[in-house]
Amino acid sequence: MPRLALQTAALIALLEVIAFGATFVDDLFVRPERSVPFGIIWAKVLYFTILTNALAGLAFAHAAWRRTPWGDGWLAALTLWMGIVAVVFHLLLADERARTTLDWIANGLFHTICPALVSQR
């Protein structure tokens, strides 16, 4: 893999970790009834956005670590899924009110920045 591709893969993986950390900490403070870490994780796994971003994070972390990308078909499917996440969020789900700063950061990373970076892979 070229150096720029490795750096981009590492950046995507890092941004996914930051997004997951932000949403996890946000839920600890905003939804104390889910304060058990497994409860937060279980509640998040139900969302297509979370599953798709987790898959993207794992795929690009693996690519950066092993210095080999996943297959073209797999990356094309991942790009399509991330595109669906971005389009559905911005057309149907986005509102101007974020609950907290961490929620705003997580939403920006999950729904805008990471899908844009994955599409530029």
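How are helix 1 and helix 3 oriented to each other? The legends below start with that pair. The model is predicted.

**View 1. Helix 1 packs against helix 3.** The angle between the two is about 140°, and their axes lie 8 Å apart. Angles over 145 degrees would count as roughly antiparallel. Helix 1 and helix 3 are therefore oblique to each other. Their crossing is left-handed. Helix 1 brings Leu 6, Ala 9, Ala 10, Ile 12, Ala 13, Glu 16 and Phe 20 to the contact. Helix 3 answers with Ile 50, Asn 53, Ala 54, Ala 56, Gly 57, Phe 60, Ala 61, Ala 63 and Ala 64. By class, 13 of these residues are nonpolar, 2 are polar and 1 is charged.

**View 2. The largest nonpolar core holds 19 residues.** Phe 60 and Val 118 have the most contacts inside this core. Four elements give two or more residues to the core: helix 1 (3-30), helix 3 (48-66), helix 4 (72-93) and helix 5 (101-119). Which helix supplies the largest share? Helix 5 does, with 6 residues.

**View 3. Phe 60 and its contacts.** Beyond four places in sequence, Phe 60 touches Ala 9, Ile 12, Ala 13, Leu 75, Leu 78, Val 118 and Arg 121. Of these partners, Ala 9, Ile 12 and Ala 13 also appear in the contact of helix 1 with helix 3. Val 118 shares with Phe 60 the place of most contacts inside the core.

**View 4. Helix 3 meets helix 5.** These two pack at about 40°, with 11 Å between their axes. Angles under 35 degrees would count as roughly parallel. Helix 3 and helix 5 are therefore oblique to each other. The crossing is left-handed. On the helix 3 side stand Thr 49, Ile 50, Asn 53, Ala 56 and Phe 60. On the helix 5 side stand Phe 110, His 111, Cys 114 and Val 118. The contact divides into 6 nonpolar and 3 polar residues, with no charged ones.

**View 5. Helix 4 packs on helix 5.** The angle is about 140°, and the axes are 9 Å apart. That makes helix 4 oblique to helix 5. This crossing is left-handed. Helix 4 contributes Leu 78, Thr 79, Met 82, Val 85, Ala 86, Phe 89 and His 90. From helix 5 come Asn 107, Phe 110, His 111, Thr 112, Cys 114, Pro 115, Val 118 and Ser 119. The residues are 9 nonpolar and 6 polar, with no charged ones.

**View 6. Met 82 sits in helix 4.** Is Met 82 buried or exposed? With 0% relative accessibility, Met 82 counts as buried. Leaving aside neighbours within four places in sequence, Met 82 is in contact with Glu 16, Thr 52, Asn 53, Ala 56, Cys 114, Pro 115 and Val 118. Phe 48 lies 34 residues from Met 82 in sequence. In space, their C-alpha atoms are 9.7 Å apart.

**View 7. Asp 26, a buried residue of helix 1.** Its relative accessibility is 2%, so Asp 26 counts as buried. Which residues touch Asp 26, not counting those up to four places away in sequence? They are Arg 31, Arg 99, Thr 100, Leu 102 and Asp 103.

**View 8. Arg 67 in the loop between helix 3 and helix 4.** Phi of Arg 67 is near 65°. Most residues other than glycine have a negative phi. Arg 67 is not glycine, yet its value is positive. Arg 67 is exposed, with a relative accessible area of 54%.

**View 9. Thr 68 in the loop between helix 3 and helix 4.** At 41% relative accessibility, Thr 68 counts as partly exposed. Thr 68 touches Met 1, His 62 and Ala 63, not counting residues up to four places away in sequence. How many residues along the chain are Thr 68 and Val 85 apart? They are 17 residues apart, and 25 Å separates their C-alpha atoms.

How values were computed: Residues numbered from 1 in each chain as written. Predicted model: local features only at pLDDT ≥ 70, side-chain atom pairs only at ≥ 80, totals over all residues. Heavy atoms only, no water. Core = buried A, V, L, I, M, F, W, Y, C linked by side-chain atoms within 4.5 Å. Buried < 20%, exposed > 50% of the residue type's maximum accessible area, 1.4 Å probe, protein only. Contact = heavy atoms within 4.5 Å. Axes fitted to C-alpha atoms, helices over the stretch in contact; angles between N-to-C directions. Parallel < 35°, antiparallel > 145°, perpendicular 65-115°, else oblique. Left-handed = near helix turned anticlockwise from the far one by under 90°. Nonpolar A, V, L, I, M, F, W, Y, C, P; charged D, E, K, R; others polar.
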